[in-house]
Amino acid sequence: MSKKFYGVQKGRAPGVYTSWAACQAQVTGYPGAKYKAFPSRQEAEAFVRGTSSRLAPFSLADNPELQTATSPAVEIWVDGACLQHAQGGMRFGWAYLIVQNGKEVHRASGHDVPSGARIHRNVAGEITAVLKALAWCHQHGITSATVYHDYQGLAAWAQGSWKAKTPFTQAYVQAVRKSGIQLSWRKIQAHTGIKYNEIVDDLARTAAQGQKTT
């Protein structure tokens with residue numbers, strides 16, 4: 001197999017690298033990283049300088065390691081809760097957790113679910129969690145992520161396979177599409193022992209328990 005040269009135009013330390021591992025260390029988790037593989041050092045150097053518009057990089061088919069690297073390194077885990085109070089009324093909670101390169105970097109929870117959204121019960125908390133998480137990602141320069149969720153509608157509404165029919169779900173779709181963050185969606189089975197899903201479930205329930213009954 002011929003030798004490859006990896007040009008990092010935007011990363012922790014822009015330059016030319018002769019191994020994928022060295023290149024990966026500069027770009028993985030770096031917001032808006034720009035990098036390509038080339039068959040010669042000269043082409044890679046031209047790319048780094050921003051003068052390589054005439055040069056065609058290897059395709060992803062020739063670079064399976066790039067296919068893996070370009071998948072989002074940021075995971076957003078979300079959940080919501082709607083608890084029936086013994087004396088009547090409902091309590092709501094939301095929670096999200098951010099994992100970057102396999103490590104938890106942030107978590108948050110609360111019970112400030114909009115009153116007009118409460119007809120959606122626990123889904124109201126899940127939608128609120130997504131919106132809160134996207135706001136956090138935007139503040140921290142994250143441009144792509146995978147959302148892990150246990151309710152199908154979160155992805156279906158955002159991707160257009162379900163029609164949003166209520167003001168809250170319509171606002172959710174618009175907010176996701178205007179966030180500027182490229183999202184992938186991964187549905188998981190709830191209450192099956194998946195670590196981060198269990199954490200956000202517990203956080204959302206705890207937040208709901210701390211809310212005054214409505």
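Biologist: Happy to look at this with you! Before we start, what counts as a helix or a strand here?
Modeller: This is a predicted model. Helices and strands are DSSP runs, of at least four residues for a helix and at least two for a strand. Their numbering starts from the N terminus.

Biologist: Thanks! Where is Arg121 found?
Modeller: Arg121 has a phi near 55°, which is positive although the residue is not glycine. Most residues other than glycine have a negative phi. As for its place, Arg121 belongs to the loop between E6 and helix H4 (122–139).

Biologist: And how accessible is Asn101, which sits in the loop between strand E5 (90–100) and strand E6 (103–110)?
Modeller: Asn101 also has a positive phi, near 55°. Buried would need under 20% relative accessible area and exposed over 50%. Asn101 falls in between, so it is partly exposed, with a relative accessible area of 40%.

Biologist: Let's go inside. Which element gives the largest share of the largest nonpolar core?
Modeller: That core has 36 residues, and Ile76, Val78 and Trp185 are among those that touch the most other members. Elements giving two or more residues to this core include strand E4 (74–84), E5 and H4. The largest share, nine residues, comes from H4.

Biologist: How many residues are in the other core, apart from this one?
Modeller: Val78 helps us get there: leaving aside neighbours within four places in sequence, its contacts include Ala95 and Tyr148. Ala95 and Tyr148 are among the members of the other core, as are Trp77 and Ala204. The number of residues in that core is 13.

Note on methods:
Residues numbered from 1 in each chain as written. Predicted model: local features only at pLDDT ≥ 70, side-chain atom pairs only at ≥ 80, totals over all residues. Heavy atoms only, no water. Buried < 20%, exposed > 50% of the residue type's maximum accessible area, 1.4 Å probe, protein only. Core = buried A, V, L, I, M, F, W, Y, C linked by side-chain atoms within 4.5 Å. Contact = heavy atoms within 4.5 Å.
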